[in-house]
Amino acid sequence: MTTSVRHASKERATKETSVDAMLVIDGSGRTGVSTGLPFFDHMIEQLGRHASFDLEVHATGDLHVDAHHTVEDVGIVLGACLAEALGDKAGIRRFASMLLPLDEALIEVALDLSGRPYLAYGLEFAPDTPGLGTPPFDPQLAEEFWRAFATAANLTLHIRRLEGKNTHHMLEASFKGVARCLRDAVRIEGGGVPSTKGSL
């Protein structure tokens, strides 16, 4: 069991967005999320709840232009929080994978807290797929979130659709799947850094 609280807070401000976030790894799944995109808020809440992270995210952005900037910048800030909160990663399990079902959807997730950012994303949505929520969240933006998150967190992440027709189900299953993998991968179960290199 870790003896110190693994947590971080970050802020990012550009001409397009303003994002502040707080993440506690060894939390209880308490979340507070406000980005101006209700469906995206729901997905980030799923991430915190099912990873058992305490998570606060507040973002404002140029949604009148496009939701892309807000979604990507939230990914950057959350990923940076996770990287800082993990510290030197001593004792973590590091790897995790799972299959997560949600009704007809079945999503496969695998991740490695490797120090090497990489995203392989296998959920494809047609360009004319309706957005979710009001204002609408374009399903294709989920890939941009995960790419930003994986890059900022320095982790390797694979997300793949095995089955699924309902857009909401597929997206929610992917967020829950990543969350549960993070919950496993950050768990302290040893004393050293889990790498023959001696660092991650």
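Among contacts in the protein between residues at least 6 apart in sequence, 77% join residues at least 24 apart. The model behind that figure is a predicted one. Its secondary structure comes to four helices and eight strands, and reading along the sequence gives the pattern β-β-β-α-β-α-β-β-β-α-β-α.

As for overall dimensions, the C-alpha trace spans about 50 × 40 × 30 Å along its principal axes. The radius of gyration is 16 Å, which agrees with the value near 16 Å that a compact globule of 200 residues would have. Buried residues account for 48% of the 200 residues in the protein.

Turning to the interior, the largest nonpolar core takes in 61 residues, and F145, W146, L157, L171 and L182 are those with the most contacts inside it. Helix α4 (residues 167-185) supplies the largest share of this core, with nine residues. L157 gives a feel for how the packing goes: leaving out residues up to four places away in sequence, L157 touches V109, A110, L111, Y118, L119, A120, W146, A150 and V178.

Aromatic side chains deserve a look of their own. A search of the whole structure turns up eight aromatic pairs. One of them joins F40 and F145 in an edge-to-face arrangement, with 5.6 Å from centre to centre and 75 degrees between the planes. F40 sits in helix α1 (residues 38-51) and F145 in helix α3 (residues 141-153), so this pair ties together parts of the protein that are 105 residues apart in sequence. Both of these phenylalanines, F40 and F145, are buried.

W146 and F175 make another pair, this one tilted, at 4.6 Å centre to centre and with 45 degrees between the planes. Here W146 belongs to helix α3 and F175 to helix α4, so the pair ties together parts that are 29 residues apart in sequence. W146 and F175 are buried as well. The residues of both pairs show up again in one aromatic cluster, made up of F39, F40, F137, F145, W146, F149 and F175.

Cysteines tell a simpler story. The structure holds zero disulfides. C81 is buried, with a relative accessible area of 0%, and C181 is buried too, at 1%.

Helix α2 is worth a closer look for its geometry. This helix has 19 residues and reaches 27 Å from its first C-alpha to its last, close to the 27 Å expected at 1.5 Å a residue. Right after α2 comes G87, whose phi is positive, near 60 degrees.

Further along, the loop between α2 (68-86) and β5 (95-102) contains R94. This arginine counts as buried because its relative accessibility is 8%, and the cut-off for buried is under 20%. With neighbours within four places in sequence set aside, R94 is in contact with L111, D112, L113, S114, R116, A185, P194, S195 and L200. L111 also appears among the residues that L157 touches.

Conventions:
Residues are numbered from 1 along each chain as its sequence is written. This is a predicted model: local features need pLDDT of at least 70, side-chain atom pairs count only at pLDDT 80 or more; totals for chains, interfaces and linings use all residues. Side-chain values use heavy atoms; hydrogens and water are left out. A nonpolar core is a set of buried Ala, Val, Leu, Ile, Met, Phe, Trp, Tyr and Cys residues joined through side-chain atoms within 4.5 Å. Buried means under 20% relative accessible area, exposed over 50%, partly exposed in between (1.4 Å probe, protein chains only). Helices (H or I, at least four residues) and strands (E, at least two) are DSSP runs, numbered from the N terminus. Contact means heavy atoms within 4.5 Å. Rings of Phe, Tyr and Trp (its six-membered ring) pair if their centres lie within 6.5 Å; planes under 30 degrees apart count as stacked, over 60 as edge-to-face and the rest as tilted. A disulfide is a pair of cysteine sulfur atoms within 2.5 Å. The expected span of a helix is 1.5 Å times one less than its number of residues. The radius of gyration is taken over C-alpha atoms; the globule rule is 2.2 Å times the number of residues to the power 0.38.
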